[in-house]
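Let's take a walk through this protein together, one stop at a time. Have a look at the picture first, and then we'll start with a word on terms.

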Amino acid sequence: MSPSARRTGRPRSAEADRAILVATRAALVELGWAKLTLGDVAARAKVAKTTLYRRWASKCELVVDAVAAVFDEQLEAGDHGSLHADVEAAVIRLGALLERPETGTALMAVLAEAMHDETLRCRVRSAIVDRQKRLVTLGRERARLRGELPCEEDPGTSARNADLIFDAVAGTVLHRLMVSAEPVDPRWARDFTDLLLYGMTGADSGGATAAGPAPDGAQKPAGSV
């Protein structure tokens with residue numbers, strides 16, 4: 001039997017997918033993880049439950065994809081003219097995204113479940129973490145082209161550094177909002193960016209050009225992130 005002969009059912013609808021993911025995030029905010037069911041999501045999205053089961057094998061997969069979709073749509077590696085400005089803007093944008101209930105609540109619910117589910121943890125890593133690390137790679141490459149960062153000849157070193165930067169930014173912003181319950185406002189974002197780029201001593205590690213103005217207007221050397 002040919003592949004075309006085996007194909008059954010209607011083509012997957014992008015509009016239905018979007019409605020399902022939006023409904024998932026809304027239901028999670030209202031009901032919480034424990035009470036959320038695929039049936040409730042189907043009713044909110046006005047689709048048949050079989051439509052969900054054809055696309056997602058479990059509630060975990062559905063919620064991860066619902067969160068990943070928001071990150072893909074809302075986060076970008078914008079060019080703001082300098083490494084400092086790029087990082088600061090990314091921190092503010094991530095903070096604003098996580099402050100939205102449909103994003104922050106959904107992400108925290110998924111992370112809590114992933115602590116006890118290796119399969120879910122792997123899906124979070126591939127659908128959210130790995131996809132968003134590309135923004136770090138794009139930002140660092142842009143900074144290198146500006147002359148703000150040195151070239152890295154070793155791909156392994158470059159990948160490890162990208163991991164460290166992603167963990168530092170995402171982990172710190174998440175902790176500030178969800179644990180400390182403090183805002184990610186422009187002043188905090190600027191101070192955090194200073195610390196990330198210049199370190200605790202305020203000195204660089206060897207000759208990169210300036211990444212942007214310091215809060216008081218003084219130029220500082222860029223760090224080697």
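When we talk about helices here, we mean DSSP runs of type H or I with at least four residues, numbered from the N terminus. Keep in mind, too, that what you're looking at is a predicted model.

With that settled, which helices help to line the largest pocket? At least two residues of the lining come from each of α6 (83–99), α7 (101–114), α8 (118–146), α9 and α10. The space inside this pocket comes to about 880 Å³. There are 37 lining residues, and L94, V136, F166, V169 and A170 sit closest to the centre. As for the character of the lining, 26 of its residues are nonpolar, while five are polar and six are charged.

Two of those helices are worth a second look as a pair. Two packed helices are described by the angle between their axes and how far apart the axes lie. Here, α9 covers residues 155–178 and α10 covers residues 186–198; they pack at about 145°, and their axes are 12 Å apart. The crossing of α9 past α10 is right-handed. On the α9 side, the contact is made by A168, V169, T172, V173 and R176, and α10 answers with W188, F192 and L196. Sorted by class, that gives six nonpolar residues, one polar and one charged. You've met V169 already: besides touching α10, V169 is among the residues closest to the pocket's centre.

One last stop is residues 37–56, which an unreviewed UniProt entry labels "DNA-binding region". This stretch is 75% helix and 0% strand, with 12 Å between its end C-alpha atoms.

Technical notes
Residues numbered from 1 in each chain as written. Predicted model: local features only at pLDDT ≥ 70, side-chain atom pairs only at ≥ 80, totals over all residues. Heavy atoms only, no water. Axes fitted to C-alpha atoms, helices over the stretch in contact; angles between N-to-C directions. Left-handed = near helix turned anticlockwise from the far one by under 90°. Contact = heavy atoms within 4.5 Å. Nonpolar A, V, L, I, M, F, W, Y, C, P; charged D, E, K, R; others polar. 1 Å grid on protein atoms, 1.4 Å probe; cavity = no way out; pocket = protein on both sides within 12 Å on 5 of 7 lines; lining within 4 Å. Points joined across faces, edges and corners; volume = space filled by probe spheres on them. UniProt positions renumbered as here; feature names shortened; annotations may be inferred.
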